[in-house]
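Thanks for making the time this morning. I would like to walk you through one model, taking its sheets in turn and then the helices that go with them.

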Amino acid sequence: MFFFKERKKRKQIVKKQEQDQKQQNQNQQQQDFLSTDLNKNLQKLQNIYQNCMDVVFRQFKISGKTKAVLIYIDGLANIEEIDASVLTPLMKENNTKEDTDQLVYVNHILEQKLTVSKVKKVQTITECVEQISSGNPVLLIDQQSEGFALGLSNWEKRSIEEPTAEAVIRGPREGFTESLGTNLSLLRRKIRSPQLKTKSMKIGKYTQTEIVISYIEGIAEQDLIQEVETRLNRIKLDGILETSYIEELIEDNPYSPFPQVLNTERPDVVAANLLEGRVAILQDGTPFVLIVPVSFYSFLQSSEDYYERSLISTVTRWLRYLFLLISLLLPSLYVALLTFHQEMLPTTLLITIAASREKIPFPALVEALLMEIVFEALREAGLSLPKQAGSAVSIVGALVIGQAAIQAGLASAPLIMVVALTGIASFTVPRYPAGVTLRMLRFPMILLAGMLGLLGIMLGLLMILTHMAALRSFGVPYLSPMAPMQGGEMKDVLVRAPWWKFNTRPRLTDTDNIRRQGPNQKPNLDHGDGKTSKGKGGS
């Protein structure tokens, strides 16, 4: 009873806070516009930035007569450019005409004296705060109801490097950084068409994080773009610090273990997905870009698949699928065979396993769970420790613990081999979120195998496939193009067809622009003179 009273009281408090916030926003909108009185504007901004020692209010006079103030944050604005392009020309401005109209005079200053390429007019206190927080100095002039945001931000940013989590043998070596401007420029270098569109918005009550939606007009479906905008506009949080916040708030099924949004650090991956009709979501402050919609097979495709020859990429993809099954099913098969189906093992192998398990005090189910948990702990320890120590601890720890477990009689040698092979197989999944999902599902599969044998494994697989078939990513079936079956789309699922086979884009949208290359792209042995290379060679 006490719980329900507290819950009701909490709802009333939250409702009252929302009403107060709504009233406060209405009052603020009424008093938000800049005044022609510079002192009033300055007082409002000083109250907002009270106890902010890094916010600078530089008051000066234009041509020694007109009062003005420049507001910026130390460390975010380019001080050298402020001195050279703003303060110096304005303070040295000579106004010889005493009766010059104020508006004409201000426009003259902006057009003739300010050597700043990007100038934006601001009319409210809120706009001033947004620009100042973004690193752009704001210039306020007396008797003017408009301010001027100057594009002189100077954010510290790291250089462009190759993503460590998505390294390739052949392909571009550049990756996104934490600077949104840099990331957009990298994307523009890949797609130089003006059809590449970018829409900006801000999310986060306190962080005011800039989010950019990117797509190619004419390829991406308009309904998809509107759905992405709707889901992003619905987000009301105190702050967005990484795209993982957005990912959890826009996915179709938040309780599913399977990722429904693709994240990447590579500009070429984003460009390739945009060319297929998908939408990218970029965020300032993180190198990870979100891509929607996606299917399950998107997490099993590596960017390197498209930089190697099709035959090599196809074989590599088959190996990837094989090791995916090994990573999910091998420990559970080991438990099921030893617990319920010993007759399925060759006699020699069964005798060897039985001899190695002679002194093991645990059943196969407990033994497998124990070793899998230890292996996962070692993997997490290797990720959390510093680079220099992480790899050494994970490798040495696995060797020492495995050997000690065998000698202590806590685990058998065949199980150590199974766990090691499973761990190696899980590393072949190119996308980390998909690999984590397989690690999570491995444990319930082991439990089902220990309780029901092969029947439990089949039951677990049916449950997983049923769940995946019901999933959607922004309306696109998660198992497409296999379920529902789309024969024309299979050229990039189980195999990686040659580039001259990719005549049309994936059926993610209903746009008419589905053709992605011209006809007759298949290489022709005819060199234009009617003779083939075989004829010239004489064999």
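**Two sheets and their helices**

Please keep in mind throughout that this is a predicted model.

Let me begin with the sheet in which 3 bridges join β8 to strand β10, residues 289-292, the two running antiparallel. Within that pairing, Leu262 stands opposite Ile291 in β10. The sheet as a whole is open and has 5 strands, which follow the order β6-β7-β9-β10-β8 with antiparallel pairing. Because β6, residues 196-203, and β8, residues 262-264, each have a single partner strand, they stand at the edges, and one side of each is left without a neighbour in the sheet. From one strand to the next, the twist averages 25°.

Now to the other sheet I want to show, which is also made of 5 strands, open and antiparallel in its pairing, in the order β1-β2-β4-β5-β3. Here the edges are β1, residues 55-62, and β3, residues 119-122, and since each has a single partner strand, one side of each lacks a neighbour in the sheet. Strand β3 is joined to β5, residues 147-150, by 4 bridges, and these two strands run antiparallel; in β5, Phe148 is the bridge partner of Lys121.

Turning to the helices, α2, residues 38-48, lies across β1, β2 and β4, and runs at about 15° to β2. Helix α3, for its part, lies across β1, β2, β4 and β5, at about 25° to β1. At the N-terminal end of α3, Asn78 acts as a cap, with a side-chain oxygen 3.3 Å from the backbone nitrogen of Glu80. Among the buried residues of α3, which spans residues 79-91, are Ile82, Val86 and Leu90.

How values were computed. Residues are numbered from 1 along each chain as its sequence is written. This is a predicted model: local features need pLDDT of at least 70, side-chain atom pairs count only at pLDDT 80 or more; totals for chains, interfaces and linings use all residues. Side-chain values use heavy atoms; hydrogens and water are left out. Buried means under 20% relative accessible area, exposed over 50%, partly exposed in between (1.4 Å probe, protein chains only). A polar contact is a pair of N or O atoms within 3.5 Å; within protein, one must be able to donate a hydrogen and the other to accept it, and residues adjacent in sequence count only if both atoms are side-chain atoms. Two strands pair if DSSP finds at least two bridges between them. Axes are lines fitted to C-alpha atoms, for helices over the stretch in contact, and angles run from 0 to 180 degrees between N-to-C directions. Contact means heavy atoms within 4.5 Å.
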